[in-house]
4 protein chains.
Amino acid sequence: MRTGVWLVGGRGSVAVTSTVGALALRAGLAEPTGCVTELPALRAAALPALADLVFGGHDVVTTPLTKKAEALAEAGVLPARLVAALTEELATVEAELRPAPTGERQASVIEEIVADLTGFRERHGLDRVVVVNVSSTEPVPAADPAHADLAALDAALAVGSPLPPSSAYAYAAFTAGCSYVDFTPSTGARLPAVAELARRAGVPYAGHDGKTGETLVKSVLAPMFAMRNLKVRTWSGLNLLGGGDGANLADPAANAAKSASKQRVLGETLGYLPQGNTRIEYVDDIGDFKTAWDLVTFSGFLGTAMRMEFSWHGCDSALAAPLLLDLARLTAAAHRAGRTGPLPELAFFFKDPLGEVPHALADQWGILCAFARGLDADRTEGTPDAVAA
Amino acid sequence: MRTGVWLVGGRGSVAVTSTVGALALRAGLAEPTGCVTELPALRAAALPALADLVFGGHDVVTTPLTKKAEALAEAGVLPARLVAALTEELATVEAELRPAPTGERQASVIEEIVADLTGFRERHGLDRVVVVNVSSTEPVPAADPAHADLAALDAALAVGSPLPPSSAYAYAAFTAGCSYVDFTPSTGARLPAVAELARRAGVPYAGHDGKTGETLVKSVLAPMFAMRNLKVRTWSGLNLLGGGDGANLADPAANAAKSASKQRVLGETLGYLPQGNTRIEYVDDIGDFKTAWDLVTFSGFLGTAMRMEFSWHGCDSALAAPLLLDLARLTAAAHRAGRTGPLPELAFFFKDPLGEVPHALADQWGILCAFARGLDADRTEGTPDAVAA
Amino acid sequence: MRTGVWLVGGRGSVAVTSTVGALALRAGLAEPTGCVTELPALRAAALPALADLVFGGHDVVTTPLTKKAEALAEAGVLPARLVAALTEELATVEAELRPAPTGERQASVIEEIVADLTGFRERHGLDRVVVVNVSSTEPVPAADPAHADLAALDAALAVGSPLPPSSAYAYAAFTAGCSYVDFTPSTGARLPAVAELARRAGVPYAGHDGKTGETLVKSVLAPMFAMRNLKVRTWSGLNLLGGGDGANLADPAANAAKSASKQRVLGETLGYLPQGNTRIEYVDDIGDFKTAWDLVTFSGFLGTAMRMEFSWHGCDSALAAPLLLDLARLTAAAHRAGRTGPLPELAFFFKDPLGEVPHALADQWGILCAFARGLDADRTEGTPDAVAA
Amino acid sequence: MRTGVWLVGGRGSVAVTSTVGALALRAGLAEPTGCVTELPALRAAALPALADLVFGGHDVVTTPLTKKAEALAEAGVLPARLVAALTEELATVEAELRPAPTGERQASVIEEIVADLTGFRERHGLDRVVVVNVSSTEPVPAADPAHADLAALDAALAVGSPLPPSSAYAYAAFTAGCSYVDFTPSTGARLPAVAELARRAGVPYAGHDGKTGETLVKSVLAPMFAMRNLKVRTWSGLNLLGGGDGANLADPAANAAKSASKQRVLGETLGYLPQGNTRIEYVDDIGDFKTAWDLVTFSGFLGTAMRMEFSWHGCDSALAAPLLLDLARLTAAAHRAGRTGPLPELAFFFKDPLGEVPHALADQWGILCAFARGLDADRTEGTPDAVAA
Ligand SMILES: NC(=O)c1ccc[n+]([C@@H]2O[C@H](COP(=O)([O-])OP(=O)(O)OC[C@H]3O[C@@H](n4cnc5c(N)ncnc54)[C@H](O)[C@@H]3O)[C@@H](O)[C@H]2O)c1
Ligand SMILES: NC(=O)c1ccc[n+]([C@@H]2O[C@H](COP(=O)([O-])OP(=O)(O)OC[C@H]3O[C@@H](n4cnc5c(N)ncnc54)[C@H](O)[C@@H]3O)[C@@H](O)[C@H]2O)c1
Ligand SMILES: NC(=O)c1ccc[n+]([C@@H]2O[C@H](COP(=O)([O-])OP(=O)(O)OC[C@H]3O[C@@H](n4cnc5c(N)ncnc54)[C@H](O)[C@@H]3O)[C@@H](O)[C@H]2O)c1
Ligand SMILES: NC(=O)c1ccc[n+]([C@@H]2O[C@H](COP(=O)([O-])OP(=O)(O)OC[C@H]3O[C@@H](n4cnc5c(N)ncnc54)[C@H](O)[C@@H]3O)[C@@H](O)[C@H]2O)c1
Ligand code: NA
Ligand code: NA
């Protein structure tokens, strides 16, 4: 099952780490550490093999892929030896990176994206393509009646540019018959009009905002307090990060979108919102290794006051990259299995998941495992390309 | 369903915190924070009400209950106002505390314990009694062929003292038709001979070693790393604690038993044992509020090295006390439902649970919820005292 | 040497903790832990004895002193037994607390303050009075030409209200011949016009902003990095605090004044300003025990990247209260020794000290010790009231 | 002033990091970060220039210098580009590394060391040589009457091997007219007999145990608590480390020597010893970047309990290497200035300094600065080789 992975933001840190990693795995140069779909509980036959993934993408910058990979190696995100060993393979991917279409009329921008996607699919004889948004986080767009339904949106597109970029990519993906994953907190397929298009096109989508650090830890610690009936009084956090995405988040509008999706897990798993905030602060010299610190104060039996604090020192790109591969494989398999519209079963991967889903990681894990088993069940019952796979 | 709770170590910190708390809850003076059986998912009708619990116990010391309660209030473990408000109720419990039987012949010690238990049950017209071991942690006993089966044990008891105290209490509990909970890492019902007696007597038992601090946190963090396929390289911890139990653990033999049960969760949930140790260190001036610090180093995608550390600052007695009430209620209900032998479904509460059970907290939680639901199902189908309850 | 200590904000947390503490020390009910002037190196004969301090003050609220003291005891800031034992002594202080004068015309407000101060001094036959500002932090006032010199200020006072409250108190203190200490980051005697008045009145003053927590730690850690020629790259901090002063600091204007004075120590001791910020966040449920967390990243030999983080969990009022007593004693002694204008030798106590002084704590300590020795030297050479003392 | 630096343990991590660094500094490829003697306050004209240092040494292993340097680069201790750029210079040093002399008779081992040292000095026309011990930490030797004075020692050497290796190196150094620095906690020149030899030979020596991590932090934090009259109740620490020296410290005897020297600073600066211990634990996978965690509990005014914790994540070799260069320069200058015997002025660098010296870092810094100024003062007054320098 040859599957295309089209990366919006294909020259960014997450995208390039994923790309190098997938190539290294295919070449047998690395272990699949961090790849959830390589765990026994999820290793479904219905998933495209890592070796069957073909990469391409859009970006607004033109930094050569190998230059970005070398910079990531210099920063300790990737082993330099892998970048050196994969020069040829990286050149093949480089050939599939396109400048992000621009232009006055959003309708023609979307057309160009569609053309790039179908060209990619045909050129490589791909069974299907997953578009994955790993571009810079956008500000929350202003409310617009054109977002409410597809007819209104199409009318608005005829005369103007009503969509934020992430939603334009989702629109184009669906138009081209591709599934779509939003790894960022941006709008993407969240607009009712765009979601409607996905259902009409008969393709699935997943999102939002990859869960890689502090929120991941929260998604197991908050349930722990809840299961023990301990009352969390305050939960405050500070995320210090440098690097590319950090600079973007220094923009207050983008920061707000991100901070909000970081707090949601507490309310959802505890059943109430403790006092305190999560702050993101950009400190250039911190670089690619983020440090998050959280303080939790709670009361126990008879009101006794207690506390816990943790520091998480993680490399965001290294945490995100394997999940991107997981999401591409799972979404492609769902597409093949005939799934349409949102995939709430992939909540495990996201800070701000689609649908009414549990936010406790273990519950999300259970749902994900059932989903993977279901994919194989469907398959043995004879899905379209079961024979070819 | 009037249920007796017989506390071995009834004048200790955990026991007295539980006792004061149960009295305060009954009097409507406190919220059931920390009581797991008060959560909606577990609030089974088959459980004895908190108001139906009657307390008694053994101890080797004679410190009056109220004096110990005042000391705990001084140390910040209990609110002083509760102790002041419950003087009368505490006196009622004081009247049910007995000196721990001693004597040259263990057989007669056991007989005395049995007599104390049956006297307690009859005096208060109790439906059943749960014996809960919250006495000081014992050293691991030397291997003894008398531990292997009940016949050998009874023969040995006829001539000597083959059992460590915790097992003698378990033996006596089973003989008296009581269920038994071991909240400590001591031997208790772990010996094959004693376990055999439980089955013969038709009573259930639970254990070992209440999971209240660092291990609780480990039981959610280790599965998080496992679910994300991140490779934990080292996990090292230091537990600094003062107070009564701390002093006891300064004894290397007791300490070893405890440290071992603290590491088990890692091997069981990760599938391999990372490097590193957990140390317990007694520092008198730390007092009742323990601090545990853990450092976890792990590698992610393509080997990138990352780390997490946490500090847990908890009051062990306040964390343990409500669990003791939960365990008494759940074990009594299991007894009534006709359960015999080990209760692996209560693994949620223990560092070193009985049976082949999952060690991830969320999995243990699922099993516990099903168990509680099952108790109610049994009950509506007509368990012995369903009418009276 | 009977010395008055007039507390602006006399019903606040710091003031009441100081007052209870001073009374407890006088009554022999407590140890002088935290009192710097009780250390051998500083125990100068020229200092007024703790037993010679007489308390009074202004406040805008009317909460009775004992009620505030009880609230502080409830919150764990003070031992309840001390409050209970000192009821009578507290009543004597209560009798010396006055409502903060208000009124349309600032000139008459100042007159009333002067009258309160001289009344206090006469009523108790005090040798001198130190006015200590421990009232709520004010916003930074707008620039005003009237602040530039005393003539302009007096002209402006004749027609309006040109001063922020802290400066009005300083003005009144100097007019009444009292020395003045600003324990807050507010303006106080910083205005050239007010400073001029101090010199004319021949009285000394000290400030600004008591150094009690994170900044104290910074003032020893930053010099450590400097002495070892390690390059600090980033220094970021988060202060989580509840309680009265915390709520006030939630006001962005007050917060800005405080955050700025918290960063100064880095630039001054390192010789450059590392990246990063210090944030103050008010979280009501955190209460009186603040938690500050700091992350320092630095590079060593050949650029190797390293890091340090610390958490400080302190009770601000308990840290500040003994310093207030130290400052009152030292400033009174300086006053007696004939010192006029700013006292840069007291930089040890302040986040934002007056004058061109070192910011490394050890250097400030050396200067403070020399200052205390100097007081005694002056004294033996015959200062005004050397005979009476 | 051409100065030899003879490294005992010349193929170890600290030695090789120092060597690469000194060569890189000389070649203008790196900044002198971490070199204390490059700070303005210490930049004495009397010190040999970094470019004037010539390296040689002994080791018991034969790993080529460049291989060790590459391993350190792989581990992130050194930049790989420096190792690559300095191949030629490293080969020159390689030529001066000798196998550590062995043999049945210690007297002849010492003779061989002396021969190696004098050969080195003559071959390079060195003004003087400093022997620096950076070999593996030894166990504390058994008490031996031969250690008490030089006559007894010489008698014992005539018939046996009375000295631990570090002391044999010190003995040889002094015999060869070289000064000696002990960067390890080993015995070295601490034996009265060996110290006597230094005085007779007219050479200075310094030690013991480089202060690079947790103890460095303690040496500023403990004085902070002391200066503020805060009562430290407990101070507990855990040091987790891998790498070569770590493995050696896993040996309980060596560990004991190290842990003891780590606690000394507390007693010396606080005036009392708080409860708690410092533990060193070897965890292989932690590698060269050590993590130390310390918890300090203290009480403030009126007994209020507070706490501080810190984590230090440092690269020991990178912290130690520049200090080795500082010590070599300072000791050589002291030698030239005619200093004999112990150099307590260098306490700033050591966990377990020689002589009755302050343990607060700031005080040690003051003494060190005065020492450096003194070296220049001596020099302008005409020291032996002032003209040549
Ligand atoms: N790394 C993580 O752990 C993580 C977790 C959750 C979400 N995310 C999100 O993933 C995204 C990527 O993160 P990153 O660290 O790789 O950031 P990055 O800045 O390194 O990469 C983003 C890339 O997107 C490109 N881009 C910007 N606008 C574009 C557009 N309109 N069309 C096409 N390309 C565009 C940029 O040029 C850049 O190359 C961010 O939105 C981030 O918030 C990352
Ligand atoms: N508090 C927690 O979080 C926690 C968690 C897991 C396990 N535990 C275990 O619970 C037990 C109790 O802890 P604690 O803090 O209350 O300790 P504690 O020392 O305050 O109380 C123990 C009591 O047991 C009594 N005792 C000792 N030997 C006895 C005997 N042979 N018969 C009867 N009584 C005896 C002692 O006199 C004492 O009163 C310990 O074994 C501890 O390891 C506690
Ligand atoms: N506690 C510390 O560690 C610390 C350190 C540095 C500075 N400070 C400063 O000390 C001050 C006092 O802190 P706190 O915790 O006691 O605060 P608090 O809020 O408990 O007390 C302040 C008191 O000042 C009174 N007040 C307000 N405006 C007044 C006015 N115009 N005239 C007279 N009284 C007035 C308030 O009514 C209140 O009683 C704050 O400015 C704080 O920033 C405290
Ligand atoms: N790195 C630090 O921060 C630091 C701080 C204080 C003290 N120290 C001490 O410095 C020493 C060196 O540390 P390291 O990390 O370089 O250790 P290392 O193990 O990397 O190097 C020690 C070297 O000494 C050699 N050696 C052993 N016995 C010898 C002998 N008898 N003669 C000659 N060479 C011998 C070993 O072969 C090895 O090459 C240790 O004693 C350590 O405790 C280091
Ligand atoms: Na911490
Ligand atoms: Na920490």
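Copies of a chain are superposed by least squares on the C-alpha atoms of residues with pLDDT of at least 70 in both. With that in hand, welcome to this predicted model. Chain B superposes on chain A by a rotation of 180° with 0.0 Å of shift along the axis, and the RMSD is 0.0 Å. The two copies are thus related as by a two-fold rotation axis. Below you will find how the chains pair up, how chain A is divided into domains, and what surrounds ligands 1, 2 and 4.

**How the chains are related**

- For chains A and B, the same surface serves both copies, since 100% of the contact residues of chain B recur in chain A.
- Which residue of chain B comes closest to the rotation axis? That is B:Phe310, whose C-alpha sits 2.0 Å from the axis.
- Chain D can be laid on chain B in a comparable exercise: a rotation of 180° with 0.0 Å of shift along its axis does the job, with an RMSD of 0.0 Å.
- Within chain D, D:Leu238 is the residue that comes closest to that rotation axis, at 3.6 Å for its C-alpha.
- The pairing of chains D and B also uses the same surface on both copies, and 100% of the contact residues of chain D recur in chain B.

**Domains of chain A**

- The domain assignment splits chain A into domain 1 (3–209 + 318–388) and domain 2 (214–314).
- Taken over C-alpha atoms, the centres of domain 1 and domain 2 of chain A are separated by 27 Å.

**Ligand 1 in chain A**

- Where does ligand 1 lie with respect to domain 1 and domain 2 of chain A? Both domain 1 (3–209 + 318–388) and domain 2 (214–314) give residues to its shell, so ligand 1 lies between them.
- There are 28 residues around ligand 1, and the nearest are A:Val14, A:Asp59, A:Ser135, A:Thr137 and A:Thr212.
- Backbone atoms reach the ligand at several places: a polar backbone atom of A:Ser13 is 2.9 Å from an oxygen atom of ligand 1, a backbone N or O atom of A:Ser135 is 2.7 Å from an oxygen atom of ligand 1, and for a backbone N or O atom of A:Asp316 the distance to a ligand 1 oxygen atom is 3.2 Å.
- On its own, ligand 1 exposes 840 Å², of which the protein buries 89%.
- At least two shell residues come from each of α1 (13–26), β2 (53–59), α10 (243–249) and α12 (316–336) of chain A.
- Sorted by class, the shell around ligand 1 holds 10 nonpolar, 11 polar and seven charged residues.

**Ligand 2 in chain B**

- Ligand 2 has 28 residues around it, with B:Val14, B:Asp59, B:Ser135, B:Thr137 and B:Thr212 coming nearest.
- An oxygen atom of ligand 2 is 2.7 Å from a backbone N or O atom of B:Ser135, and an oxygen atom of ligand 2 is 2.8 Å from a side-chain N or O atom of B:Thr137.
- A polar backbone atom of B:Asp316 also takes part, at 3.2 Å from an oxygen atom of ligand 2.
- Of the 840 Å² of accessible area that ligand 2 has on its own, the protein covers 89%.
- In chain B, the elements giving two or more residues to this shell are α1 (13–26), β2 (53–59), α10 (243–249) and α12 (316–336).
- The shell around ligand 2 is made up of 10 nonpolar, 11 polar and seven charged residues.
- Ligand 2 lies between domain 1 (3–209 + 318–388) and domain 2 (214–314) of chain B, because both give residues to its shell.

**Ligand 4 in chain D**

- How many residues surround ligand 4? The shell has 29, and the closest are D:Val14, D:Asp59, D:Ser135, D:Thr137 and D:Thr212.
- Two backbone contacts involve D:Val14, with an N or O atom 2.8 Å from an oxygen atom of ligand 4, and D:Ser135, with an N or O atom 2.7 Å from an oxygen atom of ligand 4.
- D:Thr212 contributes through its side chain, where a polar atom lies 2.8 Å from an oxygen atom of ligand 4.
- The protein covers 89% of the 840 Å² of accessible area that ligand 4 has on its own.
- Elements of chain D that give two or more residues to the shell are α1 (13–26), β2 (53–59), α10 (243–249) and α12 (316–336), and α12(D) gives the most, with three residues.
- The shell around ligand 4 divides into 10 nonpolar, 12 polar and seven charged residues.
- Domain 1 (3–209 + 318–388) and domain 2 (214–314) of chain D each provide at least three residues of the shell around ligand 4.

How values were computed:
Residues numbered from 1 in each chain as written. Chains lettered and ligands numbered in written order. Predicted model: local features only at pLDDT ≥ 70, side-chain atom pairs only at ≥ 80, totals over all residues. Heavy atoms only, no water. Contact = heavy atoms within 4.5 Å. Near = heavy atom within 4 Å. Polar contact = N/O pair within 3.5 Å; in protein donor to acceptor, adjacent residues only side chain to side chain. Areas by Shrake-Rupley, 256 points an atom, 1.4 Å probe, with all protein chains shown as cover. Helix = DSSP H or I, 4+ residues; strand = E, 2+ residues; numbered from the N terminus. Nonpolar A, V, L, I, M, F, W, Y, C, P; charged D, E, K, R; others polar. Domains from an automatic or database assignment.
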